Amino acid sequence: MCLIFDWAQRKLGDYITVNKIKNKENNHFIPYSISNKWGFIPQEKQFGEGNTYSKTNKATNYIVEPNTFAYNPARINVGSIAYQNNQFPVIVSSLYEIFKAKKNLNDEFLMNWFKTEKFTRQIQKLQEGGVRQYFFIDKMQESRITIPFISEQEEISKTLNQISNLIKLQQRKLKQYQLIKKWLCSVVFNDTVHDDANILFSNRVKANQLFESISKKGFKDLPVLSASQEKGMVFRDDISKNITYTNSNLNNYKLVSPGNFVVHLRSFQGGFSYSNKIGIASPAYTIFEFKDNIKYDSIFWKEKFKSYNFIQLLKKVTYGVRDGRSISFSDFLSLYLTFPDIEIQKKIGKCFKALDNQISDQQCIIQQLKQLKQFLLQNMFI
């Protein structure tokens, strides 16, 4: 289908009507607010039950009917214009600007227009005020919009909705995989259990029998690594943060090899980081490895050291630890750890690796769909 239409630029005020209706006697309507993420949201859900905001000045608020737009003129930006698609009227603060689209302007088409950079640039030019910029309804009516015939508006909206639905579907799949992984972690990683007859918890020893710290320096030509809570050890150049360091200090950085674990400054929140890269890391980190690689599977222990149960176990030796101070490695070595034999470790590690691949694939699909939708938003509205 060809998506190139004979667009014409028009004044938005010719296609919308101001729809401010005072709430006088209908105090039974539910008070709503506008969230940039969720659109219209009940105030009790946003601010908690019993909040005074939702119970005061109901008579001075406005009624918002279904199929109506509203926004706060003091907080106008991408995503801040909400669409009321409930089946019943609600009331909102009298601060909000409220309007409806006329019959020759599709609601979904207009909602998508409000998400474009072109609309954002317009409101930036039209905004008025000092430090706090306002965008009242008269300015909204002055903005310009280029639109095709109503049938073409509907086709564009349908296309964008299909992409949005695909994103939601992939997000549900991602959530399911994440829940499966979370459940599996809770089952297989539990250091409070020790049962010789249970293949998951047949071994129980102190960590000092399994691991040892290493500190090899003098590799300043290797890339610098940093610890991340989600991705383990990553190249510092790949991090968006601008972390400065001098090359003269790199000779004192510690060597990190594939299969090593790292105690970093936020381990008390996210566990230990695993490295599948070779590089060097800050002297503030503690690098450690297995004493015997043959008896232990690195993927199993990578997941164990990031699990909720293990982080709870770490709390026994992290009292008072905060950002900027790492966990004492000697204290960690005093903890008792429960684990299965190597063959079971490998099977569990393989299962987690498959789950991680599925999670990564879903995240990649979602990102690509979002990029496609963003591309269409910026190029279908000319």
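Trainee: What does lysine 20 form a salt bridge with?

Mentor: Lysine 20 pairs with glutamate 97, and their closest N and O atoms are 3.1 Å apart. Bear in mind that this is a predicted model.

Trainee: Where in the chain do lysine 20 and glutamate 97 sit?

Mentor: Lysine 20 is in the loop between β2 (16-18) and β3, while glutamate 97 is in strand β10 (residues 97-101). The two are 77 residues apart, so the pair links distant parts of the chain.

Trainee: Is lysine 20 buried, partly exposed or exposed, and what about glutamate 97?

Mentor: Lysine 20 is partly exposed, with 33% relative accessibility. Glutamate 97 has a relative accessible area of 7%, so that residue counts as buried.

Trainee: How many salt bridges does the count come to?

Mentor: The count comes to five. One of them joins glutamate 303 to lysine 181, with the closest N and O atoms 3.2 Å apart. Glutamate 303 belongs to helix α7 (residues 298-304) and lysine 181 to helix α5 (residues 150-188), 122 residues apart.

Trainee: Are glutamate 303 and lysine 181 buried or exposed?

Mentor: Glutamate 303 is buried at 5% relative accessibility. Lysine 181 is buried too, at 18%. The cut-off for buried is under 20%, which is why 18% still qualifies.

Trainee: Which residues are linked in a network of salt bridges?

Mentor: The network links Lys181, Glu303 and Asp356.

Trainee: What does lysine 304 meet in a salt bridge?

Mentor: The side chain of lysine 304 meets that of aspartate 191, at 2.9 Å from N to O. Lysine 304 is in helix α7, and aspartate 191 is in the loop between α5 and β12 (203-206), so this salt bridge ties together parts that are 113 residues apart in sequence. Both residues are buried.

Trainee: Why can side chains of opposite charge pair?

Mentor: They can do so when their charged atoms come close.

Trainee: Changing topic to cysteines. How many disulfides does the count come to?

Mentor: Zero. Cysteine 185, for instance, is in no disulfide.

Trainee: Why is there no bond between the sulfur of cysteine 351 and that of cysteine 185?

Mentor: The sulfur of cysteine 351 is 9.8 Å from that of cysteine 185, its closest cysteine sulfur, and that is too far for a bond. As for accessibility, cysteine 185 is buried at 12%, whereas cysteine 351 is partly exposed at 35%.

Trainee: Now the core. Which residues have the most contacts inside the largest nonpolar core?

Mentor: Phe69, Ile81, Phe99, Leu110, Phe114 and Met140 do, in a core of 36 residues. Elements that each supply at least two residues of this core include β7 (68-71), β10, α5 and α10 (342-379).

Trainee: Take leucine 110. What does that residue touch?

Mentor: Leaving out residues up to four places away in sequence, leucine 110 touches Leu12, Ile16, Phe69, Phe99, Ala101, Leu105 and Ile145. There is also a second, separate core of 35 residues, and Val188, Phe288, Ile327 and Phe352 are among them.

Trainee: Phe288 is in strand β20, right? Which residues stand opposite phenylalanine 288?

Mentor: Yes, phenylalanine 288 is in β20, and serine 213 stands opposite. Phenylalanine 261 is also a bridge partner of phenylalanine 288.

Trainee: How many bridges join β20 to strands β13 and β17?

Mentor: Strand β13 (residues 211-214) is joined to β20 by four bridges, and the two run antiparallel. Strand β17 (residues 261-263) pairs with β20 over three bridges, also in the antiparallel sense.

Trainee: And is β20 mostly covered or mostly open?

Mentor: Mostly covered: four of the five residues in β20 (residues 286-290) are buried.

Trainee: What about the open sheet of three strands, what order does that have?

Mentor: The order is β3-β6-β9, with antiparallel pairing. β3 (21-22) and β9 (90-92) are at the edges with a single partner strand each, so one side of each has no neighbour in the sheet. Two bridges join β3 to strand β6 (residues 62-64), and lysine 22 has tyrosine 62 as its bridge partner in β6.

Trainee: Last one. What pLDDT does the chain average, and where does pLDDT stay under 50?

Mentor: The chain averages 85, and 86% of the residues score at least 70. Over residues 1-5 pLDDT stays under 50, and there the model has six contacts beyond four places in sequence.

Technical notes: Residues are numbered from 1 along each chain as its sequence is written. This is a predicted model: local features need pLDDT of at least 70, side-chain atom pairs count only at pLDDT 80 or more; totals for chains, interfaces and linings use all residues. Side-chain values use heavy atoms; hydrogens and water are left out. Buried means under 20% relative accessible area, exposed over 50%, partly exposed in between (1.4 Å probe, protein chains only). Two strands pair if DSSP finds at least two bridges between them. pLDDT is the predictor's confidence in each residue, from 0 to 100. Contact means heavy atoms within 4.5 Å. A salt bridge is a side-chain nitrogen of Lys or Arg within 4 Å of a carboxyl oxygen of Asp or Glu. A nonpolar core is a set of buried Ala, Val, Leu, Ile, Met, Phe, Trp, Tyr and Cys residues joined through side-chain atoms within 4.5 Å. A disulfide is a pair of cysteine sulfur atoms within 2.5 Å.
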